[in-house]
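Colleague: I am new to reading protein models, and I would like a close look at one part of this one. Please pick a helix, show me how its side chains are placed, and then lead me outward from there.

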Amino acid sequence: MSTIANVIYNLEIFKHFESSASEEGKHKEIAMVKENVEKCIPLLAIYYKAFPTYTLHNTQHIVNIVHLCDQLLGNDIKTLSSLEAALIILAAVYHDIGMVFNDDQISNIVDEEQFDQFLEGNYKAKLMFLENDRKINDNLAEWYCRWMHAQRVWEFLEDDELKWGKISLKTVLGNICESHNENVENLSDDSRFNSNFLGQADIRFCSILLRMADILDFDNTRSPKSVYEFLELSTPQNNLEAFSNIEWSKHLASDGFTIKNFEGKIELTFTAGPEHPEVERNIQEFLDIIENESTRCNNILSKCSERWRKYSISPHIDRSGIISQNYQKGNFRLSLAERQIISLLTGDDIYGSAFEFIRELLQNAIDSSRMREFHMEYLGHQGYKSEPIQITSWVDKEGFRWVRVDDYGMGINQYILKNHFLKKGSSFYKSDYFKLLQQEYFHKVGKNFTPISRFGIGLLSCFILGDKIEVSTKSIELPIVEQPAQAFRLLLDGLETDYILQIATENHVPNPYPSENGGPQRFRKEIGTSIAVRIKGDNDFWGFEKDIVVALNEYITCSPIPIFFNGKKLGADFTQTISKALSQNQIYKFTNEEIKQVEKDLKIELGSELGFEIIPLDLTHSSPIPNLKGQICFLRLIYNEESFSNKNISWEFNLPLNNNKTIVFKYSYTDQLRREKNLTSTIDITHQFKDSFSITQLNDIFHLSNNHNNDDIRGLLKLVHNGINVPNINRIRHFPAIVFNHIFSKNDLFYSHYDKKGYAVFGIIYLQDNLIPDFTISRNAIKGINFSIYSSLYFASMKLNEYVSEDFYLNYFDNAHNFFPLNDVLKDELVVKGYWDKISLIHTESGRVSIEELRNTFSGKPIRVGYPQHKPFLASLIASLLYKNFELRYTFHEEEKAYYLSIVNLKNIIQEVFEIGERRPLLFVEFDNDKLVCHGGYFNKNHKLIIWILRNETILFKTFKQYLIQILQFILQANAVAANNVLSHLRKSSLLNVPAENIDEKDFESLAQDNC
């Protein structure tokens, strides 16, 4: 007999069971209960295999449950029948037995039939599963085990082992155990919870007693401090440990309940000594749950047998025993002044233009319409196209102006309304619900849908100019949260008033929806959303609609969903704009007279023809992925470079959009005889280009013909994402834009000085879905451009490399100033699918070769490799590809007295590292010299200090990120003193075991000369 079993046998309820057992079956009944107790105890001792960090559901929990049943019953224990006592004891030992999983069961969870039910009933769990490539991780395994454990009790119950006389207790015991994890209202089911089982037992009451004892087992016996410290839950590394930390912290601070039974009336007093307000808050919230559970159980007690109907548990817990330890009790938490925050979000500090509310409404409408197309394709309606978005503006009978946007997208259901639409900063498109829909769409349709909207504050922008918003929507029926199609109206009569919600199915009768004609429609009949904004009287003016059109032309170039304003289409045709070339591939030669003029001015003999070549690039056709589209033109000057050697000459080229303006080739030079500098001359080449371009198409893209002071399209790249123009002309310092590289001047891209190169690029780049720049909140500027955008652009425009110098090979788009994290590169679609493996990128002794060639020709002999580290995109790409495919070593070659990076072996499996996503590719490399700390921009993985950094990288990056960055920077600079100062500071932390030894000059072997 185990010690735990002996403790149970000495509790009052077991003694009552023994004393009340019938004489004829006494020995068999007692033996049966003891056999089952002693069967479960060793099994529960190994539950931690599935729940290593969960509060203890072991044998101590069994003892606690039985003891709590003693206390809850008090003198009423005498009312228990022998069968009821047996069932309560058996339920205590069996109710958590489902937490016991062996290794095989854990590894095969995905194959269990109930796992699919679990995923379908928990969309967040399903999302976790799909995002992990349909593989189960520890978080999901524990979640499933916790969800499933009550149902699994049936796997451990055996008819032959649970005989009460001739009757098996398996079914009633299984129902009692399973019910502790169900909704309490399920206890009303008479078919499962008989109040007069065998005329001896109230199964419903036994279930209530187990349920209450289980939830009241809330003290430090279930979370021993030694175990808590061993598991290191105070510094959780993931969501699973963070959840467990909350549970353990609550229990550690708790001494539990004092239970008093006054003739069947149960009163509860709770005692705890929390040492942190967060722990106290968690305790208080859990006590709220217990009080709610008590109330609901009391409601069910009325359906119990006559013996137990007067039994009740107080719904109010005495919390006077919760005493704060060494801090002042109170709700001292950082809060936000909601009114002021809303004012800030609707003020000029966020949005540059008051009309940007229209852009916000438009991008929401485009998102919803495009999502409708994905959703309909998901449902099997191939080729479905959303109806155009309609924008209207009018003045009502009272003289107020309205602006209304109607879309035929998904509509808004009540789930989205309550959780996202009216909750500012909580974008539906950032929710787990939407992410799961994305996964569902991709799984069935094979395409990703990524919206424009991200921040969830777009509706607030309407109050920049407006004072009232009316919403009319009808939603499509959505899976997952089982939201039916529904229509409703919402009135927002100002920022600080209560909103009025009216629902069609509730027979509400709203006023007619605002429209120019004052029509009678009250609820939308078509799926989609209408948003009407009333403009404040003092914000309206003569010419308002004209200014709206100007603003809309700034926002819209070519939308995948047609957009109309007051019946007139906005922007260019989407398909034509991204599919039709801006020009043919043509070469234009200067006439002999024009060449002679240039020769005369520059005092040179050209020795060859002089002219221009126009090279159209069809990004839509050349991009291997559908999310990059567009058309651009590349213009280059054809000339003899030798003729221009040692000549201080520069030239420009302008291309106006108006046919009436002159196209001019302009060059400047120095007259050596007269010693006159910056002389200029021009050649009218209008006749050469007269029919080269589609002026209408260019005008549709750039809208420059309306602005006569700025109608030159040299170097302009119009950038669009999902139908909304991106602010690519950067006016904010340090913020990037996609422009052609600095081989061109900022204002005159068709320009060269000294290097005698002449280029110009212009056109439209259309980005879609996941190829989204990182915007500021107001979307007025780009904060960053991700690797995948550059990757797609460079690959689709590969032809340009034929015309640029080696210095600008895959480096002709500016503003990629920093290395990209390794994980960003490895997740890029073109990298994943192997497109870049076929391109000759890597420098070797035999020339530039591809990853594919290196893999196919590697014979085991080390191959020296290199890449231009001063080109961030190219360096990040090549370094990541090398990391993915090869084992590398940084070696010193004695003959050449130099270090080289070499391939030493093929790699088949990428060794994932926790911080991989934040690291620069190939930041840490194996050296053949373990004394050298760094060289050539690489850190030596074999050096003792770097070994320590790598072992502690998780906590260094998470808690001491800036110090980590500093120490690496100082090492790169060969600044041992500064690096040692950082190490000295880190030694003060008890979280780190920093080596006592400092670094010195020996660790930097001639780094000063080599410029590490």
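Modeller: Here is a walk that starts at one helix and then moves on to ring pairs, charges and one acidic residue.

Two notes on reading come before the tour. This is a predicted model, in which local features need pLDDT of at least 70 and side-chain atom pairs count only at pLDDT 80 or more, while totals for chains, interfaces and linings use all residues. Residues are numbered from 1 along each chain as its sequence is written, and side-chain values use heavy atoms, with hydrogens and water left out.

The protein has 34 helices and 33 strands. Both are DSSP runs numbered from the N terminus: helices are H or I with at least four residues, strands are E with at least two. Of the 1012 residues, 53% are buried. Buried means under 20% relative accessible area, exposed means over 50%, and partly exposed lies in between (1.4 Å probe, protein chains only).

Our helix is α9, which is mostly covered: eight of its 11 residues are buried. Those eight are Asn 139, Leu 140, Ala 141, Glu 142, Tyr 144, Cys 145, Arg 146 and Met 148. As you scan that list, keep a general rule in mind: an α-helix has 3.6 residues a turn, so residues three or four places apart point the same way. At the start of α9, a side-chain oxygen of Asn 137 comes to within 3.3 Å of the backbone nitrogen of Asn 139. That is a polar contact, meaning N or O atoms within 3.5 Å; within protein, one must be able to donate a hydrogen and the other to accept it, and residues adjacent in sequence count only if both atoms are side-chain atoms.

Now look at the rings. Rings of Phe, Tyr and Trp (its six-membered ring) pair if their centres lie within 6.5 Å; planes under 30 degrees apart are stacked, over 60 edge-to-face, and the rest tilted. By this rule there are 44 aromatic pairs. In one of them, the ring centres of Phe 118 and Tyr 144 are 5.4 Å apart and their planes stand at 70°, so the pair is edge-to-face. Phe 118 belongs to helix α7 (residues 113-121) and Tyr 144 to helix α9 (residues 138-148), so the pair ties together parts 26 residues apart in sequence. Phe 118 is buried at 0% relative accessible area, and Tyr 144 is buried at 0% as well.

Another pair is Phe 574 with Tyr 766: their centres are 5.0 Å apart and their planes at 70°, so this one is edge-to-face. It links distant parts of the chain, with Phe 574 in helix α20 (residues 574-579) and Tyr 766 in strand β23 (residues 759-767), 192 residues apart. Phe 574 and Tyr 766 are both buried.

Next come the charges. A salt bridge is a side-chain nitrogen of Lys or Arg within 4 Å of a carboxyl oxygen of Asp or Glu, and the whole structure holds 29 of them. Arg 152 makes one with Glu 155, with the closest N and O atoms 3.3 Å apart. Arg 152 is buried at 1%, while Glu 155 is partly exposed at 45%. Glu 306 and Arg 309 form another, at 3.2 Å between the closest N and O atoms; Glu 306 is exposed at 58% and Arg 309 partly exposed at 45%. Glu 120, Lys 126 and Glu 440 are linked in a network of salt bridges.

Our last stop is Asp 407, found in strand β7 (residues 401-407). Asp 407 is buried yet has no salt bridge, and the nearest side chain of opposite charge, Arg 524, is 5.4 Å away. For charge, Lys and Arg count as positive and Asp and Glu as negative; His and the chain ends are not counted. The side chain of Asp 407 does reach the backbone nitrogen of Gly 409, at 2.9 Å. Leaving aside residues up to four places away in sequence, Asp 407 touches several others, among them Ala 365, Ile 389 and Arg 524. Contact here means heavy atoms within 4.5 Å.
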